[in-house]
Amino acid sequence: MPLHCDQAVARMQACLSPKNMLEKQIPNRVGFSHVLAEIIMNQHPIWKYIDDNADRLRVLSDNVWAVPETCYGEHKSVALHIEELEAQGFRVEKEAAGIPTAVIGEAGSGGPVIGFLGEYDALAELSQVADLPEQQALETGANGHGCGHNMLGSAAMLAAIALKNWLEETGTPGRVRYYGCPAEEGGSAKSFMVKRGAFQDCDIAITWHPGSIATVVTGSSLAAARVDFEFFGKASHASASPDLGRSALDAVELMNVGVNYMREHMSDQARIHYAYIDAGGISPNVVQAYANARYVVREPSVKETVKLIDRVVNVAKGAALMTETEMKWRLVTISAEVIANTPLCQAMEKNLHMLGAPDFTDVDVAYAKRFQNTLEQKDISASYSMLGLGVQRDKVLADFLPPLGHQSNDLPASTDVGDVSWVVPTVQLWGANYAIGTPYHTWQMVAQGKSAPALKGMVHAATVMAMTGVDAITNPELREAAWADLKTRVGEEGYVSALPDDAEPPIKEMAG
């Protein structure tokens, strides 16, 4: 028999110690689900298992922050995750899906499989001294966790540990699975893991991403592809015999010009970016015989992305024709757009509001204010507009939640979570970890990555995910509704990987 909300709160207060209460985080305005009411009645709230392990996972997050490794090179980071999984009693599959820096930990038996998706890759050349509100590299030219993935994997694992321990103590049938996924930044490891069957028996997938304002992600994302273009010309002396040379660098530059002229004739949501991988050397008196550029092509759907790639390839062919060079191109990675799942979003939002926003202190706010002072107002406004919210100019940290039923905007970014969401009902939380306005992929985000507010938001996110995992384990109607929603959204064709059949993870290209 479900408890009335006031009775549930009273029972929760009676069975939890002050430490476990997470003060000010049990709002009376939202009723408890029948699942949580049962947990309370049995005096086994999932919050207890979060609290029991939070300190260990904070340490894991800090340790991963200290060894920032990029795309497919996360050997130290995955080793730290494996160590914790083994210490927690998970059955561990190393080199999952044939990827050296991927891992899967599983616990439990029978019942549905609930997967928590974690990441731990960093970004190149974003080294930054922790807690310092001015740009200063910890090590010149080194990497840094400018997207919060040190916390992303740690919170997902904390949620998995909490659900595992709750399953064991209650004797509830079910399996919990932690997916340690590398190379989200540029390598699309999850796309390869999906193609290789790592998620084929997963019933529900739960994840999150660090951010400024805690909310459930109800919108989609952009699909994205990375494409390498190589040009092969002919070297010559740039002064004595320039007529004998054919410049691969000229070809890349003409390609870039052509793509720039394309921008007027793309959809407003499309994005194209590029970087020189090899500009042909440092000698201007030699006609460059080789050049290589990597493009990122984004559209709202993976089908539209493939079409836009074809147009970019045609521009590259034209550049090769104009310079009398040869061109080769290769699809390195491609990720689908995220498919939101309404039943799971509603379940997670209910749990988020049941828990409430993180309880930031005055000390937390003072800390975050030093970083917000380094930002422009447009940075702060962007944090709100990205989620479809009005700006609250007096806020430094998000001690508030968007209203129930809030629908977030589609995210102007890409993630390989998209491929998982096409094959498994998937739900994603946005966390409250940084000073509002902190841009992603910046030194400000790296600097805050070990702070008290960031880690408080990390544990908060783990709690919401674990609560949602309990719902998914114990509520077959929720799972059925989630799968029905997914099948409706993907249509009869379902998921078709855009990766070529012979595609391999670009470990050598991305990790070096």
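**Group meeting: a walk through the predicted model**

Let's start at one residue. Leaving out residues up to four places away in sequence, Ala183 touches Cys71, Tyr72, Glu74, Asp121, Ser188, Ala189 and Asp416. Ala183 sits in the loop between β4 and α7. Buried or exposed? Ala183 is buried, with a relative accessible area of 0%. Now look across to Val365. Ala183 and Val365 are 182 residues apart along the chain. Their C-alpha atoms are separated by 32 Å.

A word on what we are looking at. This is a predicted model. The average pLDDT of the protein is 91. Of the residues, 91% score at least 70. Where should we be careful? Residues 1-44 have a pLDDT under 50 throughout. The model still gives that stretch 81 contacts beyond four places in sequence. Please keep the low scores in mind when you look at residues 1-44.

Now the overall picture. The protein has 17 helices and 11 strands. Its C-alpha trace spans about 90 × 50 × 40 Å along the principal axes. How does the radius of gyration compare with that of a compact globule? For 512 residues, a compact globule would come out near 24 Å, and the protein has 24 Å, which agrees. Of the 512 residues, 58% count as buried. Take the contacts with a separation of 6 or more. Residues 24 or more positions apart account for 81% of those. On the outside, the protein exposes about 20800 Å². Carbon and sulfur atoms supply 50% of that area.

Back to the loop where we began. Ser188 is also in the loop between β4 (174-181) and α7 (189-195). It is one of the residues that Ala183 touches. Ser188 is buried, at a relative accessible area of 6%. Look at its backbone. Ser188 has a positive phi of about 50°, and it is not a glycine. Most residues other than glycine have a negative phi.

There is another case in the model. Glu324 has a positive phi of about 55°, although it is not a glycine either. Where is Glu324? It lies in the loop between α9 (302-323) and β10 (326-335). Glu324 is exposed, with a relative accessible area of 57%. What does its side chain meet? The side chain of Glu324 makes a polar contact with the side chain of Arg246, at 3.5 Å. Ser247 is worth finding too. Glu324 and Ser247 are 77 residues apart in sequence, yet their C-alpha atoms are 8.4 Å apart in space.

Next, two histidines. His145 is in the loop between β3 (113-119) and α6 (149-170). His145 counts as buried, at 1% relative accessibility. Its side chain reaches the backbone oxygen of Val64 at 3.3 Å. A polar atom of that side chain also lies 3.4 Å from the backbone nitrogen of Asn150. Which residues does His145 contact, leaving aside neighbours within four places in sequence? They are Val64, Trp65, Pro68, Tyr120, Asp121, Ala122, Asn150, Met445 and Val446. Asp121 has come up already, as one of the residues touching Ala183.

The other histidine is His406. You will find it in the loop between α12 and α13 (417-423). His406 counts as buried, at 12% relative accessibility. Which backbone oxygen does its side chain reach? That of Leu387, at 2.7 Å. Neighbours within four places in sequence aside, His406 is in contact with Thr215, Thr218, Glu349, Leu387, Gly388 and Leu389. Gly388 comes just after α12, and takes a positive phi of about 75°.

That brings us to α12 itself. The helix covers residues 377-386. Ile380, Ser383 and Tyr384 are buried in it. Why do we say they line one face? Seen down the axis of α12, the buried residues fall within an arc of 90°, so they line one face of the helix. What do they pack against? The buried residues of α12 pack against α11 (362-372).

To close, three places to click on. Start with Ala183, buried in the loop between β4 and α7. Then go to Glu324, exposed and with a positive phi. Finish at His406, with its side chain reaching the backbone oxygen of Leu387.

How values were computed: Residues numbered from 1 in each chain as written. Predicted model: local features only at pLDDT ≥ 70, side-chain atom pairs only at ≥ 80, totals over all residues. Heavy atoms only, no water. pLDDT = per-residue confidence, 0-100. Contact = heavy atoms within 4.5 Å. Helix = DSSP H or I, 4+ residues; strand = E, 2+ residues; numbered from the N terminus. Buried < 20%, exposed > 50% of the residue type's maximum accessible area, 1.4 Å probe, protein only. Polar contact = N/O pair within 3.5 Å; in protein donor to acceptor, adjacent residues only side chain to side chain. Rg over C-alpha atoms; globule rule 2.2 N^0.38 Å. Areas by Shrake-Rupley, 256 points an atom, 1.4 Å probe, with all protein chains shown as cover. Arc of directions from axis to C-beta.
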